[in-house]
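Colleague: Hi! Could you walk me through this one while I have it open on my screen?

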Amino acid sequence: MTASHSVDTKQPLLQIRDLRKFFPITAGVFNKTVGHVRAVDDVSFDVFEGETLGLVGESGCGKTTTSRCILRAVDPTSGQILFRRKNDEIVDLAKLTREELQPLRAEIQMIFQDPFGSLNPRMTLFDNVGEPLLVNGMTNRAERTDRVAELLKLVGLRPEFMHRFPHAFSGGQRQRIGIARALSTNPRLVVADEPVSALDVSVQAQVLNLLLELQKRLGLTFLFVAHDLSVVRHISDRVAVMYVGQLVELAPTKTLFSRPRHPYTSALMRAVPVPDPRIPVGEVTLKGEVPSPANPPSGCYFHPRCRFATERCKVEAPALREPSPGHFVRCHFADELDLTTAF
Amino acid sequence: MTAPLLSVRDLHVTFGLDEGSVRAVDGVSFDVLPGQVVGIVGESGCGKSVTMRSILQLVDEPGRIKQGEILYRMSGPNGQGETVVDLTKLAKRGPQMRAIRGAEIALIPQEPMAAFSPVHTVGDQIIEAIQLHHRQWRPDGSGLSRAEAREIVVELFRDVGISMPDQRVDAYSWQLSGGLRQRAMIAMALSCKPRLLIADEPTTAIDVTTQAQVLALLRELQRKYGTAIIFITHDLGVIAQMANSVVVMYLGRVAEQGPVDAIFHAPKHPYTRALLRSIPSIVGETQVALPTIAGTLPHPFNRPSGCPYHPRCDERKGPECAARVPSLQPVDQGQSVSCFLHHDSSDTQ
Ligand SMILES: Nc1ncnc2c1ncn2[C@@H]1O[C@H](COP(=O)(O)OP(=O)(O)OP(=O)(O)O)[C@@H](O)[C@H]1O
Ligand SMILES: Nc1ncnc2c1ncn2[C@@H]1O[C@H](COP(=O)(O)OP(=O)(O)OP(=O)(O)O)[C@@H](O)[C@H]1O
Ligand code: SF4
Ligand code: SF4
Ligand SMILES: [Mg+2]
Ligand SMILES: [Mg+2]
């Protein structure tokens with residue numbers, strides 16, 4: 001690990017504590033609440049300044065909802081989202097009102113999966129990329145033009161493209177435009193929700209390289225949400241794994257991939273098809289389906305699919321523990337199981 | 001050598017649009033041997049789906065097959081004798097094509113929602129298909145009652161790993177989760193015991209753990225029934241696990257094709273080589289720049305002259321690359337390449 005990637009000396013930029021987001025399930029003509037989707041169900045983690053924290057898990061496990069809580073696109077049900085501002089003041093994003101959040105918008109930005117949906121097709125690149133600047137008070141058009149030109153160059157696009165519309169660009173180029181827009185306000189934290197999932201492999205490589213380079217140059221902090229384990233492994237300093245709304249494991253990337261401690265993490269890794277026909281196809285270790293977050297199983301949410309489950313797992317919910325420094329895991333038997341992978 | 005079950009020869013498909021015509025498929029050739037899994041890879045828009053839809057004569061308007069043959073070896077009546085038919089010559093909605101769709105060749109289409117009608121239950125739709133192609137289950141020609149067909153569907157659902165199959169049969173497609181819908185689609189595709197299954201990105205919309213189950217299922221079915229499979233995906237990991245042979249497409253043409261081991265361990269076309277380098281591996285070094293392919297995919301109205309890959313090729317041989325279109329030529333055991341680094345033969349344009 002190089003010095004620039006050493007995170008242990010760094011301070012947390014973001015601290016998420018006991019975050020919950022439940023969506024009501026309503027029924028009948030009076031929209032009576034008949035239950036809750038536990039989309040985010042007791043999630044705690046830190047994001048250190050200058051690092052990339054990868055957040056992985058299968059569809060519906062709560063990755064996007066967690067991101068949306070941080071951006072306050074949805075209001076958390078409970079918990080804290082502590083953010084350290086530029087002046088080292090610590091604020092709880094979960095508690096702030098819309099007005100109080102406004103000055104923080106510049107510091108936290110988002111990159112979306114769908115480069116097509118996140119840009120306004122009727123606005124030129126100048127307006128798309130410059131909009132957050134305008135919102136944040138840069139009313140001088142000439143000043144905005146300079147900044148947009150600079151941002152387009154930063155993401156590898158020609159400044160002359162400024163007056164074109166998004167439809168004239170390929171998927172990879174549109175994702176670059178989305179990145180330029182997110183970086184326009186000099187954010188310190190960038191939440192990227194599946195930023196390369198919609199891209200072809202060769203374009204994906206270009207965008208990943210760009211994100212890595214920008215991080216180095218601008219000292220950005222990334223929360224990188226994805227479901228592709230190879231991509232997350234490639235870009236992240238540390239990786240957090242979610243299952244049915246809960247964080248089940250978090251560790252430095254190399255540790256997580258070489259010595260996972262949660263049976264779900266290990267099964268997830270085994271399920272990734274390796275692009276080498278000489279590596280024999282692994283046995284399918286994970287059977288059944290992911291349970292619904294509206295009706296999670298008793299005890300450990302993973303117990304119906306876990307091959308190590310015991311009676312205790314059915315009744316007692318494991319807490320997130322830290323069996324070795326920096327390695328968090330939510331399993332009763334994390335210390336005993338040997339899940340060493342082939343990687 | 002075994003005769004191919006399907007042989008696509010120099011297929012050209014064009015979409016005539018107001019802005020101009022798009023050569024979506026521009027001279028594609030490949031073979032599928034009986035019982036084999038052929039993987040097709042290539043970036044978005046390179047013509048994978050259009051090629052597959054051409055096989056079943058399902059190309060959307062205003063698409064037209066301009067040139068080429070799609071030779072399919074049909075099983076004769078009662079499984080006796082075989083005849084080779086050129087599918088491009090059959091009437092789109094004629095009885096022969098209808099008999100082939102589903103019973104001989106089944107397609108799992110790319111858009112999962114498109115496969116089922118929202119107004120009928122999933123079970124009803126499969127039951128109808130089974131009753132239509134009852135010979136596949138009753139070679140003696142006797143019909144199947146609804147109850148009998150329903151029994152088959154329940155059995156198929158169980159085979160594809162759908163829990164509570166007798167209840168799921170009565171569900172509408174929109175009531176099923178993505179993973180279950182995918183399995184129901186596979187059950188539908190298998191319901192008439194096709195000899196060739198075309199799976200167009202069957203696992204793209206589902207999670208890795210579900211994907212692992214679906215892939216295992218397809219491998220097992222292929223072993224059990226000897227079904228040949230054309231498997232389309234942009235995931236090279238899935239290709240490595242599933243395919244016996246691989247077709248790499250670029251801009252409507254085959255760049256390279258060969259046995260899976262050769263494609264991954266001795267790729268010959270510069271595009272295949274670049275593609276393999278650009279994927280982050282689950283074992284390699286992290287946080288380093290990945291090798292990329294220069295430039296972007298040309299717009300379909302702006303096809304480059306000569307070798308379609310030449311503006312981006314990092315191993316470009318010389319002026320011939322921009323002047324002539326390299327043809328697909330065999331260069332090694334079962335491996336063919338469209339590249340002047342390996343031969344000097346070109347196609348007329
Ligand atoms: N606005 C909402 N109302 C009700 N339920 C919601 C809402 N948003 C999300 N959910 C539910 O919350 C759960 C978590 O969804 P979320 O989008 O956070 O998952 P995800 O991990 O991002 O999944 P994906 O990989 O598919 O993007 C899902 O069951 C989802 O259906
Ligand atoms: N209905 C249509 N009208 C016009 N052009 C079309 C139509 N369908 C496909 N095309 C064009 O044909 C080309 C090949 O499309 P095709 O769907 O076969 O690509 P693909 O390889 O399957 O891509 P993907 O990986 O995105 O599914 C594209 O350039 C596309 O724009
Ligand atoms: S707590 Fe029990 S069921 Fe849950 S992951 Fe650990 S061993 Fe498996
Ligand atoms: S023909 Fe020329 S441009 Fe095309 S792939 Fe071969 S070397 Fe590259
Ligand atoms: Mg999401
Ligand atoms: Mg397609």
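Colleague: Where does Glu194(A) lie?

Modeller: Glu194(A) is in the loop between β7 (189-193) and α6 (201-218) of chain A. One thing to keep in mind as we go: this is a predicted model.

Colleague: Thanks. And what is phi of Glu194(A)?

Modeller: Phi of Glu194(A) is near 50°, so a positive value in a residue other than glycine. Most residues other than glycine have a negative phi, and most peptide bonds are trans.

Colleague: Speaking of peptide bonds, which residues does a cis peptide bond join in chain B?

Modeller: Glu61(B) and Pro62(B) are joined by one, with omega at about -5°. Pro62(B) sits in the loop between α1 (48-55) and β4 (63-75) of chain B.

Colleague: New topic: the two chains together. How many residues does each chain bring to the contact?

Modeller: Chain B brings 45 residues and chain A brings 42 residues. About 3,800 Å² is buried between chain B and chain A, and carbon and sulfur atoms give 58% of that area.

Colleague: Which three residues of chain B supply more than any other three?

Modeller: Those are Thr209(B), Ile282(B) and Gln287(B), which supply 23% of the area that chain B buries against chain A.

Colleague: How many salt bridges are there across that interface?

Modeller: The rule finds one salt bridge between chain B and chain A. In a salt bridge across the interface, Asp261(B) pairs with Arg278(A), and their closest N and O atoms are 2.8 Å apart. There are also 15 residue pairs in polar contact between chain B and chain A, counting pairs with both residues at pLDDT 80 or more.

Colleague: Which elements of chain B give two or more residues to that side?

Modeller: They are α7 (208-225), α8 (236-242) and α9 (260-265) of chain B. α7(B) gives the most, with eight residues. By type, the side of chain B that touches chain A has 19 nonpolar, 19 polar and seven charged residues.

Colleague: Back to salt bridges, how many over all chains?

Modeller: A search of the whole structure finds 40. One links Asp41(A) with Arg20(A), at 3.7 Å from N to O. That pair joins distant parts of the chain, 21 residues apart: Asp41(A) is in strand β2 (residues 32-48) and Arg20(A) in strand β1 (residues 12-27) of chain A.

Colleague: Last one: at what angle do α3 and α4 of chain B pack?

Modeller: Helix α3 (residues 122-132) and helix α4 (residues 146-159) of chain B pack at about 115°, with their axes 9 Å apart. The crossing of α3(B) and α4(B) is right-handed. Residues making the contact include Ile126(B) and Ile130(B) of α3(B), and Ile152(B) and Leu156(B) of α4(B). The contact of α3(B) with α4(B) divides into nine nonpolar, one polar and three charged residues.

Technical notes
Residues numbered from 1 in each chain as written. Chains lettered and ligands numbered in written order. Predicted model: local features only at pLDDT ≥ 70, side-chain atom pairs only at ≥ 80, totals over all residues. Heavy atoms only, no water. Contact = heavy atoms within 4.5 Å. Buried area = accessible area lost by both parts, 1.4 Å probe. Salt bridge = Lys/Arg side-chain N within 4 Å of Asp/Glu carboxyl O. Polar contact = N/O pair within 3.5 Å; in protein donor to acceptor, adjacent residues only side chain to side chain. Helix = DSSP H or I, 4+ residues; strand = E, 2+ residues; numbered from the N terminus. Nonpolar A, V, L, I, M, F, W, Y, C, P; charged D, E, K, R; others polar. Axes fitted to C-alpha atoms, helices over the stretch in contact; angles between N-to-C directions. Left-handed = near helix turned anticlockwise from the far one by under 90°.
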